[in-house]
Amino acid sequence: MLGAIAGDVLGSIHEFHPIRTKDFYLFNSQCVFTDDTVMTTAVADSLMNRIPYVESLQMWGNTYPTAGYGGWFSKWLNSDFPTPYNSFGNGSAMRCSSVGWLFDDEDSVLEEAKMSAEITHNHPEGIKGAQAVALGVMLCRQGSTKLEIQEKLEDLFDYDLSQTLEQVKLNYSFDVTCQGSVPQAITAFLESEDFEDAIRNAISLGGDADTQACIAGALAEAFYMKVPEQIKEFVLTRITPDILYILHQLHLRTKIVLN
């Protein structure tokens, strides 16, 4: 979860000011957490404290109403009777990394990721995006190789993860759909050398930087089991005590030890 939050925070200033290089200053003073962090926290809180998904997402979303939600999701947050709206946006994928930490087998991860998505994102692509990220996190933390992860996600979700990052960039542009941003974020992780490199890869796509870095960061944390101390310190000063509490709770629950 720290990896997801770190990606969101570090990518936040590039969401509407895209860059297509890995050579940039990482610790910009204007970095903030966005809706990606808030909703990642909401899903983790729901799972650990047995709060219904709808209740948790609405509570957290309305605690941070200016975090940068999309139009349809904002309406859902403020609805007295919230219902799914057939979305295939990447909001379902960016919020579900804790599923991959809290469930230990493929079937359970896929089912829980589906449930976390379909309260809003009940389009097949919206569900698939959440499942791919959650399963990827589980596979990473359980010691699968990158090739094994790539082959599993390609097989289950029909994602093309065969291109290099530079090949992806040739024709890539800002895209907030699951099908147009999740595979690319996964590729950013697969091609990375360490945690920071995964974040830089994702941001350098020139797309939906905070969300793609959130996804790549979630996978990278689980795979490398290391968020660099400088990144950790920077990010922890930019989140609120209630978000930090859920993060600590997840680390205690899953016995995550970050070097």
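A residue counts as buried when its relative accessible area is under 20%, and as exposed when that value is over 50%. Keep those two cut-offs in mind as we walk through this predicted model, starting with its first helix.

Helix α1 covers residues 2-11, and 10 of its 10 residues are buried, so the helix is largely enclosed by the rest of the structure. You can pick them out one by one: L2, G3, A4, I5, A6, G7, D8, V9, L10 and G11 are buried. Where does the cover over the buried residues of α1 come from? Several helices contribute, including α2, α6 (97-102), α12 (195-203), α13, α14 (229-236) and α15 (241-254).

Two helices in that list, α2 and α13, are worth following further. They pack with their axes 9 Å apart, at an angle of about 40°. That angle is neither under 35 degrees nor within 65 to 115, and α2 and α13 are therefore oblique to each other. On the α2 side, the contact is made by D35, D36 and T40, while α13 brings D210, T211 and C214. Sorted by class, this contact has 3 charged residues, 2 polar and 1 nonpolar.

From here it is a short step to the largest pocket, since α2 (35-49) and α13 (209-224) each supply at least two residues of its lining. Helices α4 (71-77) and α5 (91-94) do so too. The largest pocket holds about 570 Å³ of space. Its lining comes to 31 residues, and those lying nearest the centre are D35, G68, Y69, G70 and N90. So D35 is a residue to highlight in your viewer: D35 takes part in the contact between α2 and α13, and D35 also lies among the residues nearest the pocket centre. What classes of residue make up the lining of the largest pocket? There are 13 polar, 12 nonpolar and 6 charged residues.

Finally, let us turn to the backbone. Most residues other than glycine have a negative phi. Two residues here are worth a look on that account. R50 is not a glycine, yet its phi is positive, near 55°. You will find R50 in the loop between α2 and α3 (53-63). R50 is exposed, with a relative accessible area of 81%, which is over the 50% cut-off.

D158 also has a positive phi, of about 60°, although it is not a glycine. D158 sits in the loop between α9 (146-157) and α10 (165-170). Its relative accessible area is 67%, so D158 is exposed.

Key: Residues numbered from 1 in each chain as written. Predicted model: local features only at pLDDT ≥ 70, side-chain atom pairs only at ≥ 80, totals over all residues. Heavy atoms only, no water. 1 Å grid on protein atoms, 1.4 Å probe; cavity = no way out; pocket = protein on both sides within 12 Å on 5 of 7 lines; lining within 4 Å. Points joined across faces, edges and corners; volume = space filled by probe spheres on them. Helix = DSSP H or I, 4+ residues; strand = E, 2+ residues; numbered from the N terminus. Nonpolar A, V, L, I, M, F, W, Y, C, P; charged D, E, K, R; others polar. Buried < 20%, exposed > 50% of the residue type's maximum accessible area, 1.4 Å probe, protein only. Contact = heavy atoms within 4.5 Å. Axes fitted to C-alpha atoms, helices over the stretch in contact; angles between N-to-C directions. Parallel < 35°, antiparallel > 145°, perpendicular 65-115°, else oblique.
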